[in-house]
Number of protein chains: 2
Amino acid sequence: MKFLVNRDLLWLNLNNISRALSTKPPMPILTGIKIEARGNSLFLTASNNEISIQTEIRDKRRLQIEAEGVVVVPGKYFIEIVKKIEAKEIDISTFEDNIIKIIADRSLFSLNAFDKDNYPLISFNDSDVAITMDVLNLKQLIKKTTFAASLSESRVILTGISFTTEGRKMEVVATDSYRLAKKFMVFEKEYPDITAIIPSRSLDELNRIMDESESDVEIHFSPLKVLFKYKNVWFQSRLIDGKYPNTTTLIPTDFLISVKFNKNEMISAIERASLFTSFDSSNIVKLKINSDKTVEISSTNNEIGAVKEELIPLECSNLINFEIAFSSKYFLDALRVFDSTEVTIHFTGEIKPFIITGYYDVNLTQLILPVRIS
Amino acid sequence: MKFLVNRDLLWLNLNNISRALSTKPPMPILTGIKIEARGNSLFLTASNNEISIQTEIRDKRRLQIEAEGVVVVPGKYFIEIVKKIEAKEIDISTFEDNIIKIIADRSLFSLNAFDKDNYPLISFNDSDVAITMDVLNLKQLIKKTTFAASLSESRVILTGISFTTEGRKMEVVATDSYRLAKKFMVFEKEYPDITAIIPSRSLDELNRIMDESESDVEIHFSPLKVLFKYKNVWFQSRLIDGKYPNTTTLIPTDFLISVKFNKNEMISAIERASLFTSFDSSNIVKLKINSDKTVEISSTNNEIGAVKEELIPLECSNLINFEIAFSSKYFLDALRVFDSTEVTIHFTGEIKPFIITGYYDVNLTQLILPVRIS
């Protein structure tokens with residue numbers, strides 16, 4: 001194998017696939033990157049048990065393949081080398097089958113390669129039906145839901161994000177059972193019914209790879225895995241096996257009182273009100289609607305002190321005395337994903353779940369469970 | 001006690017004194033910040049066992065003292081509160097002697113204060129003789145030496161930086177016994193003889209407080225401590241007790257061969273050459289001068305591979321076959337503090353210390369001990 005490649009182009013592609021490189025995988029070979037020179041293309045592949053990523057470099061001006069071949073190089077070292085190379089072009093070749101030589105200007109690296117026959121066969125297969133989506137929409141979808149998924153492995157299914165399509169509608173849900181994020185999208189055409197649970201970590205990694213450019217992503221759902229095709233990147237994740245809990249009935253539709261706020265004012269007030277709570281990890285703040293239509297957010301920590309914040313809502317649907325307590329962390333997580341500068345909180349009762357919506361965040365619902373206060 | 005103060009002004013001053021706040025001090029009261037309103041000034045003080053910092057805020061337009069007094073507030077919480085306040089002005093007052101009330105726009109904090117009588121008496125005393133130095137010079141002096149001090153407490157004296165004055169000359173030395181950084185300065189007037197060992201950590205903290213402005217620093221040396229007066233900041237550090245080793249004879253003056261390099265080219269080459277060494281923590285690279293006047297930097301790691309870098313020196317005093325091995329980390333640390341774009345390495349022998357100098361780094365010597373190679 002021998003090829004010449006532009007340093008920046010190689011670096012960009014290495015960066016993308018490095019998301020699938022794990023530092024401590026069950027199989028040592030998976031700390032390696034598979035490099036394949038074939039025809040006019042260079043394929044880079046990395047994989048851990050959860051995700052596999054492949055990119056294809058195909059650029060007549062910036063890639064010149066002189067001899068085809070396959071090699072599996074130690075991922076971390078190969079990436080470090082390319083990162084530190086300042087030369088414009090890198091000359092890569094194999095030597096005696098298990099050594100890879102990297103030449104760039106006056107630098108010469110020889111790197112011991114893995115036995116390429118040990119690298120697992122990874123197939124990136126299309127499914128019969130692929131959903132096509134705009135990159136920006138997919139990025140938004142991920143950003144606005146994955147934070148609400150569970151981090152605990154005690155209920156594995158909740159570490160995933162539920163994707164369901166029915167006709168022209170797709171519903172995406174994440175919940176850790178204390179809060180829930182739900183967004184739906186409407187497509188221009190109908191797709192066959194799909195139900196899939198994608199690990200939230202996989203989606204977060206995918207989101208880091210996709211830039212804010214205007215291109216499409218093809219999503220191929222298979223029974224055990226999902227494949228995202230984005231530009232020259234093939235990103236594949238395993239699916240989580242099982243049945244996602246039905247969350248439809250959880251979301252209230254009748255409200256006791258709805259209050260509209262300036263989002264940033266609310267975020268600042270909550271951040272200050274929770275300054276003394278974040279240290280005992282309970283993060284609980286109280287929200288009280290006063291009879292003069294002001295809203296008070298407060299918390300008390302006997303050892304440290306107390307905070308009281310007053311907010312003037314932009315709108316208030318009706319006037320009742322109302323008090324509720326909740327995790328400031330969950331509330332802030334939810335508020336921060338809204339694009340709207342004004343958000344409305346819809347309360348159903350002092351110990352019932354409440355939801356947050358925003359005018360410019362179409363089809364997005366954030367739900368939070370309150371905590372009982374004595 | 002009651003005063004109104006500009007938020008940004010308070011924040012800036014809190015940031016400065018926070019350098020002396022330790023999270024786990026032997027005395028809980030030292031997690032507190034002492035605030036004293038007296039006359040037209042507000043004094044903020046923080047201290048740990050090593051350093052004490054006091055700032056004076058005196059600004060008729062941005063500080064208004066309504067009642068004098070002293071309070072000791074929990075440092076971490078007070079800093080977090082001021083950080084999160086967006087209001088322009090903060091109203092601070094004491095309430096029932098042990099509660100401090102902080103009002104800013106529609107936020108109200110009550111914070112439990114410490115018993116102020118428990119706060120130790122810290123005196124910031126001038127000495128008979130003070131050395132006056134330009135801030136930029138002092139910053140350079142610190143940056144170019146402290147990195148070479150020891151981090152290990154096994155020889156405490158080497159965790160400090162030696163300051164010695166004799167006549168108009170001041171010599172500053174740091175060494176961890178494997179490398180040494182030495183800089184001297186010449187003053188316009190004579191000072192009495194001073195010998196002092198300042199903890200390198202104290203100097204690093206001082207450096208973070210001083211900005212790149214053109215002002216003077218007064219340095220007051222006392223037998224047990226040193227006081228730096230910079231703008232409205234008084235920064236005091238304890239000194240390290242003991243006798244600093246005599247390093248004068250360590251620095252070679254006769255050289256076998258001197259080689260001049262472009263500094264950044266050398267840094268890049270060493271960084272690449274040590275890519276495989278940094279993982280086994282030995283960091284050893286070899287430097288070889290070839291008969292064709294090229295210089296080769298290399299390292300080998302049996303498990304991972306090998307690197308060879310070639311450099312063309314800018315100048316070479318004479319031509320001999322020469323090979324030496326050293327810690328790439330020490331070498332890079334030393335190179336990075338040079339302002340000169342060209343540096344000269346002066347070798348005295350293959351297993352003897354070598355020194356690095358730069359034309360624009362007047363009176364600066366960096367010395368490194370090589371390692372034996374088989």
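What follows walks through a predicted model, from its symmetry down to a single loop residue.

Start with how the two copies sit relative to one another. Chain A drops onto chain B after a rotation of 180° with 0.0 Å of shift along the axis, and the RMSD of that superposition is 0.0 Å. This is the relation of a two-fold axis. The residue of chain A that gets closest to the rotation axis is A:Thr23, whose C-alpha is still 16 Å from it. As for the contact between the copies, 100% of the interface residues of chain A are interface residues in chain B too, so the copies meet through the same surface.

The nonpolar core comes next. The largest one has 195 residues, and the members that touch the most others are A:Val73, A:Leu111, B:Val73 and B:Leu111. Take A:Leu111: setting aside residues up to four places away in sequence, its partners in chain A are A:Val73, A:Pro74, A:Tyr77, A:Phe78, A:Ile100 and A:Ile102. A:Leu111 also reaches across to the other chain, where it touches B:Ile304 and B:Gly305.

Chain A itself splits into domain 1 (2-118), domain 2 (130-249) and domain 3 (251-368). For domains 2 and 3 of chain A, the C-alpha centres are 28 Å apart. Their contact draws twelve residues from domain 2 of chain A and eleven residues from domain 3 of chain A. On the domain 2 side, helix H3 (135-145) and strand S12 (179-199) of chain A are the elements that give two or more residues. S12(A) supplies the largest share of that side, with seven residues. In character, the domain 2 side breaks down into six nonpolar, one polar and five charged residues.

Helix H5 of chain A (residues 263-273) has a buried set made up of A:Met266, A:Ala269, A:Ile270, A:Arg272 and A:Ala273. These span an arc of only 165° around the axis, which puts them on the same side of H5(A). The helical repeat is worth recalling here: an α-helix has 3.6 residues a turn, so residues three or four places apart point the same way.

Over in chain B, B:Phe124 sits in the loop that links strand S9 (107-112) to strand S10 (130-134). B:Phe124 counts as partly exposed because it has 15 C-beta neighbours inside 10 Å, whereas a buried residue would need 20 or more. Beyond its neighbours within four places in sequence, B:Phe124 is in contact with B:Gln54, B:Leu227, B:Trp234 and B:Gln236. B:Lys229 is 105 residues away from B:Phe124 in sequence, yet their C-alpha atoms are 9.7 Å apart in space.

Terms used: Residues numbered from 1 in each chain as written. Chains lettered and ligands numbered in written order. Predicted model: local features only at pLDDT ≥ 70, side-chain atom pairs only at ≥ 80, totals over all residues. Buried ≥ 20, exposed ≤ 12 C-beta atoms within 10 Å, placed from the backbone. Helix = DSSP H or I, 4+ residues; strand = E, 2+ residues; numbered from the N terminus. Arc of directions from axis to C-beta. Core = buried A, V, L, I, M, F, W, Y, C linked by C-beta atoms within 7 Å. Contact = placed C-beta atoms within 7 Å. Least-squares fit on C-alpha atoms with pLDDT ≥ 70 in both. Domains from an automatic or database assignment. Nonpolar A, V, L, I, M, F, W, Y, C, P; charged D, E, K, R; others polar.
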